[in-house]
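Biologist: Please give me a close look at the charged side chains here, and at what sits around them. Take it slowly, as I'd like to follow along on screen.

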Amino acid sequence: PIMAVVGPSGIGKSSFVRAGLVPALKNSGEHWDIVVLRPGRTPMMSLANLISQASATSANVAEQIGEQQSMADRLKEEPGYLGTVLRRQARKEKKHLLLFVDQFEELYTLVTDQAERLAFTACLSAAADDPTSPMRVVVSIRSDFIDRCVEDPHFMNELSQGLFFMAAPTRDGMRDALVLPAEMAGYKFETDDMVNEMLDHLAT
């Protein structure tokens, strides 16, 4: 129900999810909705915005912000409410839902309030507590921050069951990344030397 794509900065974790996992899900024959968010400086407001977008009752910006703040406060008190709402929506629309939390390390680099961080991870744990539900949670996180997740033992226990570590691609992997998308679009490089020159440049 929840997994983490882990790797060093710049390895391509976000691209792996956005350009790899998401298209694979959409081409799976099942109906998937993809929701992407980053924790930012106010992670609970980010979660509240997910719910408020679908249920906003006011066109007034100030009132909308007030509604989101109220929702954020409710999520702190009822972390399971996020999953309840999102699963209900997925079932109603007969779709699967992937919640992708990109750059999860922002939770630790931008948020100084531990209570805010714990409320956020509690919501994610609760949203992904049922393997039979139509909802899945994926986070991308830098490998040098994975140990910070121990701050919430329950969340870390859930996350540790679905860790996917990304390593730097080999030369053959980089060649595939250059050549295969072009071939899929009906094109090819004029010479192998051109590809090798680019690979040599990337290796330096």
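Modeller: One yardstick to start: a residue is buried under 20% relative accessible area, exposed over 50% and partly exposed in between, using a 1.4 Å probe and protein chains only. By that yardstick Glu116 is buried, at 10% relative accessibility.

A word on where this comes from. This is a predicted model, in which local features need pLDDT of at least 70 and side-chain atom pairs count only at pLDDT 80 or more, while totals for chains, interfaces and linings use all residues. Residues are numbered from 1 along each chain as its sequence is written, and side-chain values use heavy atoms, with hydrogens and water left out.

Now back to Glu116, which makes a salt bridge with Lys76, their closest N and O atoms being 3.2 Å apart; the term means a side-chain nitrogen of Lys or Arg within 4 Å of a carboxyl oxygen of Asp or Glu. Lys76 sits in helix H3 (residues 61-77) and Glu116 in helix H6 (residues 114-127), 40 residues apart, which makes this a link between distant parts of the chain. Helices here are DSSP runs of H or I with at least four residues, strands are runs of E with at least two, and both are numbered from the N terminus. While Glu116 is buried, Lys76 is partly exposed, at 39%.

Helix H6 also holds Arg117, while Glu151 is in the loop between strand E4 (135-142) and helix H7 (153-159), so their pairing ties together parts that are 34 residues apart in sequence. The N to O distance in this salt bridge is 2.5 Å. Here Arg117 is the buried partner, with 9% relative accessible area, and Glu151 is partly exposed at 24%.

Next, go towards the end of the chain, to Asp200 and Arg171, where the closest N and O atoms of the salt bridge are 3.0 Å apart. Asp200 belongs to helix H9 (residues 192-203) and Arg171 to helix H8 (residues 171-184), with their positions 29 residues apart. Both count as partly exposed: Asp200 is at 41% and Arg171 at 38%. The salt bridge count comes to nine, the three pairs above among them.

What about a buried charge that has no salt bridge? Look at Lys13, in helix H1 (residues 13-26). With Lys and Arg counted as positive, Asp and Glu as negative, and His and the chain ends not counted, the nearest side chain of opposite charge to Lys13 is Glu105, 5.8 Å away. The Lys13 side chain does reach the backbone oxygen of Pro8, at 3.0 Å. Leaving aside residues up to four places away in sequence, Lys13 touches Val5, Val6, Gly7, Pro8, Ser140, Ile141, Arg142 and Met166, a contact being heavy atoms within 4.5 Å.

Zooming out, the protein chain has nine helices and five strands. Of its 204 residues, 38% count as buried. Among contacts with a separation of 6 or more, 74% join residues 24 or more positions apart. The C-alpha atoms fill a box of roughly 60 × 35 × 35 Å along the principal axes.

Terms used: Polar contact = N/O pair within 3.5 Å; in protein donor to acceptor, adjacent residues only side chain to side chain.
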